[in-house]
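Q: Please take one part of this model and look at it closely. Then use the surrounding structure to put that part in context.

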Amino acid sequence: MDTVSDWLRVVWGWLNPAETLTSFLLATVAVSAAATRLMRQLRRGAPEERYRRWFVEEYRVYNPYLAAPETLRLERTLVPLFVTEEGRSDRIADAGRRIADRNNHVVLLGDAGSGKTTMLKAFGIAALGGVDGRGGTGRGREVPFLVPVRLLRGIGQAGALTEHILGVLRSRKGLALTKEEAQQFLAQTLQQERCVVLLDGLDEVTPTAYSAVRDEVYRFLSDHTPELPTANARIVITCRRLTFLRIADDWQPERFGAHRSYALAPLRDTEILAYLRAFPDRFPDVDGPQRFMAQLRVSGTLGLHRNPLVLSMSIGLYAGRKFPAIAHSTARLYDEMIDEMLGRHSFRADGLATGVNEFDQADKLRVLREFALRAALGPQGFGPFDRAALADFVSATGDRLRQNLNGRADDFVDEIIDRSGLLSPVSDGQYEFVHRSLQEHLVASELLRQSDEGLRLLRERAMEREWRRVVLFYTATADQSVVTGFIGELAEIDPILACACVAGADCLNPVGFAVLERMAAPLRDPRPPVMLSALAAVLSATASPRAAIRDAARDQAFTWLTKVAGEADAADALGGTHETLLDVMTMLVERLGESSVSRSMVVRLVGVVPDDPRFVEPLWRCLRTAEGTTPDDHSLVPLIDRLVRLATDPACFAALQRQPAAHPRFATALLRQQVYPFRRGLDRQSNLVTLLCWAQEVDLDAPDVNRFLTAKATDPVRWASLEADWRRRGASVVVPVFGAHRVDRHPTERATGALLTVLSVAALGAVGWDLTRPDEVLGLAGGITTVLLAAAELALALTMLGLQPRIAVRGVRVWQSNEWIDAYDDPRSRHWLVPDTGEGPGLTG
């Protein structure tokens, strides 16, 4: 074959043209299909990117208790919520930061409505870089999987938790990964140790299912299977605090692994104000948040509103009203909130028929109340329910409704779901109340409506853990004739629960006193779960609607706490935390006007206050109430001393500076200058300077606090010149400094250098000798020239020997050092002298 064309003709002859064409077309289709699949994947994004988008879209909406849902932007939520570490009473930090600690599993504790679930959602969004979170996905970022524990299915079978996560990845609308994609995505996050499972609501598991859930978590964390090594995952669990105290032994490191437990702290005044200011549309006036805060104080419900759930409900109900009649109890607040949400869309705002409710509001409330009780008595308890079950219930009870539904039960249910915001979807056809406490309140309301039958049902369930808050809601709302006998009966079985009921119940005084007397034994119980539960119940009883019971509960709590204050290890006596002490201090300050001894009681307790920024607020508020007293009131000395000592901690100092300013009459401009004679430090109107004025007036002697006060007490003159000396600390005279260092040279070069050195030194000696003679040979000018040349030669010779001269300059201080200048370096005093532009360590909100 001479040509290529001849060769191609032979090859074509060997092939069947029809088969070749078919093969070519099949290859073309296969390539096209692969290209189409690739393009679709590119459009939808890789599994992790799709998951990120889905997670953000799914969980960014929160707080249905406002007039409209809010987007979970981190600066508009109650994030950062603060936590204290269980067992470490002196530590406080941002909850989001603690959850993000990848070195440990985390147990996040809190009361109902304290923000546990919102915290998990906000952390997940931030970790994935969504909404306001910074960064994005990548090998260094954790990938969160939010798992409501109550939704786990088949929990008795091994792998239930893993299957739940894979099921979410495969089935959720907007995500819908293939089985292979879901498996590969989860495996990748586990192998890269980036998987964090957010188990929400351990307390919502029924007692019969709890052991299976616990064992499944153990199994999940011990599975090292190469395909899905779930042992590489990190776990964050949320649980109501008192519930976890009862099961804490099941979550010890030897079974659960290394972990830290944190308790969500109640909101401080500054955090409440910060949250209120995040809604300018609801508080258009500049002083709107402050006025709303003042209204909460006047109503006596500020303590109630330290709970994020209650606060968000109140904003939805009362924000924008000039003179809001704020509910005085949690039960009443829930009633108003449910009524408000069911009444949404009831009126035309735009003259159109769209968006107007069709069904009677009272009918919807009746259905929700009755169905909430029916569901709670069923196998799912306070968990999810089928939408179809609710529709069937509406159909079955339609005859009792005011409005004739005419077979429109499904439309009735849809209006509740779509327009009230009281129910939220869990999965296809599955719904739940947006917050468990809503269902608990509705159950209590229905039991009250059923009168004797309802009371019988409550007696049967009162000792079940899941019904505890139902009991509290019931007793807070029931008539005195009913609740008095019930609490008396309950005290025989569970005095702690009976005491907690006294907080909201209008029971007769003798019954309330009897319940409080029964608390003496639990308060002496050495077991923290019992003792802390008892103390929490007594503290809650100090908010009783009956003045006599309030006073009795207050005396009992104060007696116990002041007894603890005199013990060597108060932290251990309080179960390892000072949460209870913070509760009582805050409550005392909020009711200072009710008792002449309240301030003295605060003073008696300040000795056990830890270095925790949350204590600054109640102590400062207590001190501010003494603005009009005589400046020599020495009963305030312990209070002022504790605040001064707290202010040595940068985080507590930052909290102090954020408090409202105090203006005692004696704190004149002259006194402020005397206690703080520095110009470039803090503003003399700042709270710290005011505190120092108070310390001066009561002759507080605390020189051991930090170098600032030590200098002031020891050497006032040098202390007053501290700032000037610190500013002159760099003043110096520049002086030359000569030196040399050795460098290795070649032997020949060193020998030459040695010879030249000898000759140079000899020449210098000879010239010097000549210059001393009366009849010198060289003369003065010649001698100086020769010395200079010999010195230059000597320098060159020394260089040959390997000596290299170095000339430097340095500053020599020309002033006597102030012995107290280290106050600017002491971590306990430097923030008193140089303004800190930040919020202080550990504070971000």
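**A buried helix and its setting**

A: Helix 34 is followed by Asp699, whose phi is positive, near 55 degrees. The model is a predicted one, and this applies to every value below.

Helix 34 covers residues 687–697. Of its 11 residues, 9 are buried, so the helix is largely enclosed by the rest of the structure. The buried residues are Asn687, Leu688, Val689, Thr690, Leu691, Leu692, Cys693, Trp694 and Ala695. What do these buried residues pack against? Their partners are helix 30 (616–624), helix 31 (637–646), helix 32 (650–658), helix 33 (669–675), helix 35 (707–714) and helix 40 (830–833).

Thr690 serves as an example from within helix 34. Its relative accessibility is 0%, so Thr690 counts as buried. Apart from neighbours within four places in sequence, Thr690 is in contact with Trp620, Ala662, Pro664, Arg672 and Gln685.

The protein around this helix has 40 helices and 14 strands. It contains 845 residues, and buried ones make up 49% of them. Among contacts with a separation of 6 or more, 72% are between residues 24 or more positions apart. One pair of residues distant in sequence is Phe558 and Arg604: they are 46 residues apart along the chain, and their C-alpha atoms are separated by 9.5 Å. Phe558 is in helix 26 (residues 547–565). With 4% relative accessibility, Phe558 counts as buried.

Helix 20 (residues 468–477) and helix 21 (residues 480–493) give an example of helix packing elsewhere: their axes come within 9 Å and cross at roughly 145 degrees. The crossing of helix 20 past helix 21 is left-handed. On the helix 20 side, the contact is made by Val471, Tyr474 and Thr475. On the helix 21 side, Val482, Val483, Phe486, Ile487 and Leu490 take part. An α-helix has 3.6 residues a turn, so residues three or four places apart point the same way.

Charged pairs come next. Side chains of opposite charge can pair when their charged atoms come close. Searching the whole structure finds 39 salt bridges. One of them joins Glu370 to Arg400, with the closest N and O atoms 2.5 Å apart. This pair links distant parts of the chain, 30 residues apart: Glu370 is in helix 15 (residues 361–377), while Arg400 is in the loop between helix 16 (387–396) and helix 17 (409–420). How accessible are the two partners? Glu370 has 8% relative accessibility and counts as buried, whereas Arg400, at 45%, counts as partly exposed. Glu370 and Arg400 also belong to a network of salt bridges that includes Arg366, Arg369, Glu446 and Arg449.

Arg387 and Asp414 meet in another salt bridge, at 2.8 Å from N to O. Arg387 is in helix 16 and Asp414 in helix 17, so this pair ties together parts that are 27 residues apart in sequence. Arg387 counts as buried at 19% relative accessibility, because buried means under 20%. Asp414, at 28%, counts as partly exposed.

Asp285 and Arg291 form a further salt bridge, and their closest N and O atoms are 2.9 Å apart. Asp285 is partly exposed at 43% relative accessibility. Arg291 is also partly exposed, with a relative accessible area of 36%.

The surface is the remaining topic. The protein exposes about 39900 Å², and carbon and sulfur atoms supply 54% of this area. Which residues form a nonpolar patch on the surface? Leu771, Leu780, Ile784 and Leu788 do, and together they have about 400 Å² of accessible area. Helix 39 (residues 779–800) gives the most to this patch, with 3 residues. Leu788 lies in helix 39 and has a relative accessible area of 58%, so Leu788 is exposed. Thr690 of helix 34, by contrast, is buried at 0%.

To return to the part chosen for the close look: helix 34 is largely enclosed by the rest of the structure, because 9 of its 11 residues are buried. The helices that its buried residues pack against include helix 30 and helix 40.

Key:
Residues are numbered from 1 along each chain as its sequence is written. This is a predicted model: local features need pLDDT of at least 70, side-chain atom pairs count only at pLDDT 80 or more; totals for chains, interfaces and linings use all residues. Side-chain values use heavy atoms; hydrogens and water are left out. Patches are made of residues with over 30% relative accessible area and no salt bridge: like charges are joined within 9 Å, nonpolar side chains (Val, Leu, Ile, Met, Phe, Trp, Tyr) within 5 Å. Accessible areas come from the Shrake-Rupley method with a 1.4 Å probe; for residues, only the protein chains shown count as cover. A salt bridge is a side-chain nitrogen of Lys or Arg within 4 Å of a carboxyl oxygen of Asp or Glu. Helices (H or I, at least four residues) and strands (E, at least two) are DSSP runs, numbered from the N terminus. Buried means under 20% relative accessible area, exposed over 50%, partly exposed in between (1.4 Å probe, protein chains only). Axes are lines fitted to C-alpha atoms, for helices over the stretch in contact, and angles run from 0 to 180 degrees between N-to-C directions. A crossing is left-handed if the near helix is turned anticlockwise from the far one by less than a right angle, and right-handed if clockwise. Contact means heavy atoms within 4.5 Å.
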